[in-house]
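Student: I'm new to this one. Could you walk me through it and tell me how each label is earned?

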Amino acid sequence: MSKKDNWSSSMGVILAVAGSAVGLGNFLKFPGQVALYGGAAFMIAYVLSFILVGLPFAMMEWTVGRKIGDKYHSVPWTYYSFFRKPSAKIVAAIAVVIPFVICSYYTYIEAWCLGYAVNFAAGALDFSSTKEAAEFFGNFVGVNENGSALEFSLSKVWIFFLVVFGINFLLIYLGISKGIEKFCKIAMPLLILLALILVVRVATITPEHTGRTDSSINQGMGFMWNPTKVVLEEKQNGKWVEIKRLVGDADIQKAKTEAAKSAPQKEMRVKEISLFKQLLNPSIWIAAVGQLFFSMSVGMGIIISYTSYLKKTDDVVLSSITSASANEFCEVCLGGMITVPAAVAFLGISGVAGACASLFDLGFNVLPLVFLKMPVGEFFGFIFFMLLFLAAITSSISILQPSLAFLQEVLGVARNFALFILAVLMFLMSFYSFYFSKGLVALDSLDFWVGQTLIFIIATWEIIMFSWTYGAEKLVKDANAYSLMKLPKNYSIIWRYFTPAILILVFLGWFLKDVLGVFGGKLSYQIENLTSGKEPVAQASFALIVALIFLFGIMIFKSKEFKEDGK
Amino acid sequence: MTLGGWITFLLSVSVFTSFFAFCIVKVLTSKPQKMMGKNMFKEDFFEPEKSGK
């Protein structure tokens with residue numbers, strides 16, 4: 001298979017990979033996580049995860065993609081060309097399912113962003129409480145009944161879903177250099193500009209704007225970044241339970257007075273949790289590695305597919321570091337400044353604290369209300385949701401690329417025909433997430449099994465295979481060839497030991513505690529949904545994933561190209 | 001926000017902004033070093049497997 005399309009510049013591929021990494025998580029999930037786990041403690045865990053997991057993984061995928069790209073652009077052939085084992089074909093089938101399924105529900109969420117942007121621009125949003133905001137969101141995406149968002153109206157997501165789907169496939173149809181690269185070269189600087197406008201807007205919010213004296217931007221920033229967490233706790237059944245986060249002297253003093261007056265049967269206390277104590281909590285490390293890992297778009301085959309279009313003489317070390325730095329800049333410097341401080345300033349800590357753990361709650365219930373309360377809020381609401389839409393679309397086009405490369409290579413057909421097949425399959429799959437919208441069960445189940453569980457398993461397998469079977473030392477040599485920056489020889493130690501060990505530990509910690517509910521955790525509701533039979537859509541989603549793995553597996557095993565090349 | 005909060009915030013933002021700026025400047029000012037990896041792709045990566053070695 002010959003290479004027909006290439007990146008036209010190194011900045012183009014850097015922006016495209018950065019665009020792939022910068023998504024909704026940068027602006028919604030990251031600030032929520034920082035606030036939830038405490039600024040300094042989370043940032044220490046986050047920076048270490050970046051150095052030991054995110055960056056090594058990205059550099060490995062850039063190196064592998066460039067090496068394989070002379071002949072192939074899809075993940076199954078990458079794995080098989082490196083390892084030549086039948087087991088690689090099975091893993092490859094799962095690896096192909098990951099971007100395919102993620103893209104199917106990501107386009108649905110992307111449509112929410114576009115829909116909110118248009119509704120803000122049209123002045124069609126009007127709520128005065130988070131309850132009303134949640135009601136609008138529920139009707140807009142169809143949370144109350146399956147198929148209820150299937151209506152051509154500004155207040156329903158259907159029309160936006162069609163538009164988003166069309167834009168994605170148009171950009172992919174235009175190709176790597178004329179479609180994805182050109183678009184990312186415009187979209188990424190525009191995204192940063194929009195984010196900077198919002199940062200300035202948020203930084204200049206005063207109590208006159210919010211009409212509140214008990215909360216401010218300063219308090220919002222403190223809620224996110226203060227290294228020592230101060231909480232109000234209540235004794236429930238003999239155990240101290242956190243009931244409120246406290247930020248600012250006035251807040252703490254008030255809570256201390258309240259605690260001193262509390263009745264013995266409803267005892268309360270104000271507790272300070274030091275930075276060191278926070279770092280001893282394993283959840284913070286799981287959260288930091290998870291945030292970093294999902295934010296950088298590694299383990300999905302995107303970077304391998306994108307970098308397979310590099311020339312053999314293109315740099316990979318500096319380029320991978322640059323695209324990672326762009327993602328971190330957007331996440332920490334821009335994402336960390338906008339959403340949570342603004343939400344706290346307008347709604348107070350109690351109005352935001354519960355939403356920090358949920359990307360959807362913060363993004364689509366809390367923030368629209370915040371913008372409506374802001375002077376010239378409709379304009380800034382439009383800017384914010386356009387920013388989210390740009391972040392999402394630069395990610396979704398990248399998630400489509402591995403599936404397109406796979407179909408093209410497995411079926412041995414022309415690019416446009418493969419694109420047509422992908423469009424049909426993707427529409428059916430996306431429509432599944434869109435139609436079964438009641439309680440967002442389909443989306444949630446697909447995300448849990450594919451976007452969280454399978455991706456971690458495949459990524460861990462990938463780093464172990466490349467660093468142990470292929471060889472971390474060889475990877476260093478490959479990465480350094482033609483690169484503008486050189487990795488030290490002993491960098492292989494990170495690839496061989498640190499990255500796999502951290503990934504395995506974090507995955508086991510998350511799976512045992514948050515999924516299976518051992519070590520003081522709670523059995524995940526997704527497991528309950530699957531085993532109890534109360535949610536048929538959850539079971540159907542799981543069955544659909546298994547069916548897709550079988551389908552893609554059969555396609556890989558039957559592929560003529562695999563047989564010719566592998567035997 | 002406490003003094004510790006300001007330090008955490010300013011340190012995080014300045015580190016990642018400087019890191020990003022350094023990388024961008026380095027990309028824009030670097031010239032490809034074509035000689036450094038001249039032996040890497042001398043042989044086709046797929047050839048040994050094709051011939052059954």
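Tutor: Sure, let's begin with a term: two strands pair if DSSP finds at least two bridges between them. Keep in mind that this is a predicted model. Now look at Val231(A), which stands opposite Lys271(A) in strand 3 of chain A.

Student: How do you know that strand 1 and strand 3 of chain A pair?

Tutor: Count the bridges. Strand 1 (residues 229–236) and strand 3 of chain A have six bridges in the antiparallel sense. The cut-off is at least two bridges, so they count as a pair.

Student: And what joins strand 1 to strand 2 of chain A?

Tutor: Seven bridges, and these two strands also run antiparallel. With at least two bridges required, that is a pair as well. Here Val231(A) stands opposite Arg245(A) in strand 2 of chain A. Strand 1 and strand 2 of chain A form a hairpin with two residues between the strands, and Asn237(A) takes a positive phi near 55° in that hairpin.

Student: Which order do the strands take in the sheet?

Tutor: The order is 2-1-3 in chain A, an open sheet of three strands with antiparallel pairing.

Student: What makes strand 2 and strand 3 of chain A stand at the edges?

Tutor: Strand 2 (239–246) and strand 3 (268–273) of chain A each have a single partner strand, so one side of each lacks a neighbour in the sheet. Ignoring direction, neighbouring strands of this sheet are turned by 35° against each other on average.

Student: Which helix lies across those strands?

Tutor: Helix 11 (residues 249–261) of chain A lies across strand 1, strand 2 and strand 3, and runs at about 140° to strand 3 of chain A.

Student: How is chain A divided into domains?

Tutor: Domain 2 covers 229–273, while domain 1 is made of 10–210 + 277–310 + 317–566. Their C-alpha centres lie 38 Å apart.

Student: Where do domain 1 and domain 2 of chain A touch, and how many residues are in contact?

Tutor: Six residues of domain 1 of chain A are in contact with five of domain 2. On the domain 1 side, helix 12 (275–279) and helix 15 of chain A each supply at least two residues. By class, that side has two nonpolar, three polar and one charged residues.

Student: Why is helix 21 of chain A called roughly perpendicular to helix 22 of chain A?

Tutor: Check the angle. The axes of helix 21 (residues 525–532) and helix 22 (residues 536–558) of chain A come within 8 Å and cross at roughly 95°. Angles of 65 to 115 degrees count as roughly perpendicular, so helix 21 of chain A is roughly perpendicular to helix 22 of chain A. Gln526(A), Asn529(A) and Leu530(A) in helix 21 meet Ala538(A), Gln539(A) and Phe542(A) in helix 22 of chain A. That contact has three nonpolar, three polar and no charged residues.

Student: What about chain B, and how many helices and strands are in it?

Tutor: Chain B has two helices and zero strands. Of its 53 residues, 17% count as buried.

Student: How many residues of chain A are in contact with chain B, and which helix gives the largest share?

Tutor: 35 residues of chain A are in contact with 27 residues of chain B. Helix 15 (317–352) of chain A is among the helices that each supply at least two residues to this side, and its nine residues are the largest share. The residues of this side divide into 16 nonpolar, 11 polar and eight charged.

Technical notes: Residues are numbered from 1 along each chain as its sequence is written. Chains are lettered from A and ligands numbered from 1 in the order in which they are written. This is a predicted model: local features need pLDDT of at least 70, side-chain atom pairs count only at pLDDT 80 or more; totals for chains, interfaces and linings use all residues. Axes are lines fitted to C-alpha atoms, for helices over the stretch in contact, and angles run from 0 to 180 degrees between N-to-C directions. Helices (H or I, at least four residues) and strands (E, at least two) are DSSP runs, numbered from the N terminus. Angles under 35 degrees count as roughly parallel, over 145 as roughly antiparallel, 65 to 115 as roughly perpendicular and the rest as oblique. Two residues are in contact if their C-beta atoms, placed from the backbone, lie within 7 Å. Ala, Val, Leu, Ile, Met, Phe, Trp, Tyr, Cys and Pro count as nonpolar, Asp, Glu, Lys and Arg as charged, and the others, Gly among them, as polar. Domain bounds come from an automatic or database domain assignment. A residue is buried if 20 or more other C-beta atoms lie within 10 Å of its own, exposed if 12 or fewer, and partly exposed in between; C-beta atoms are placed from the backbone.
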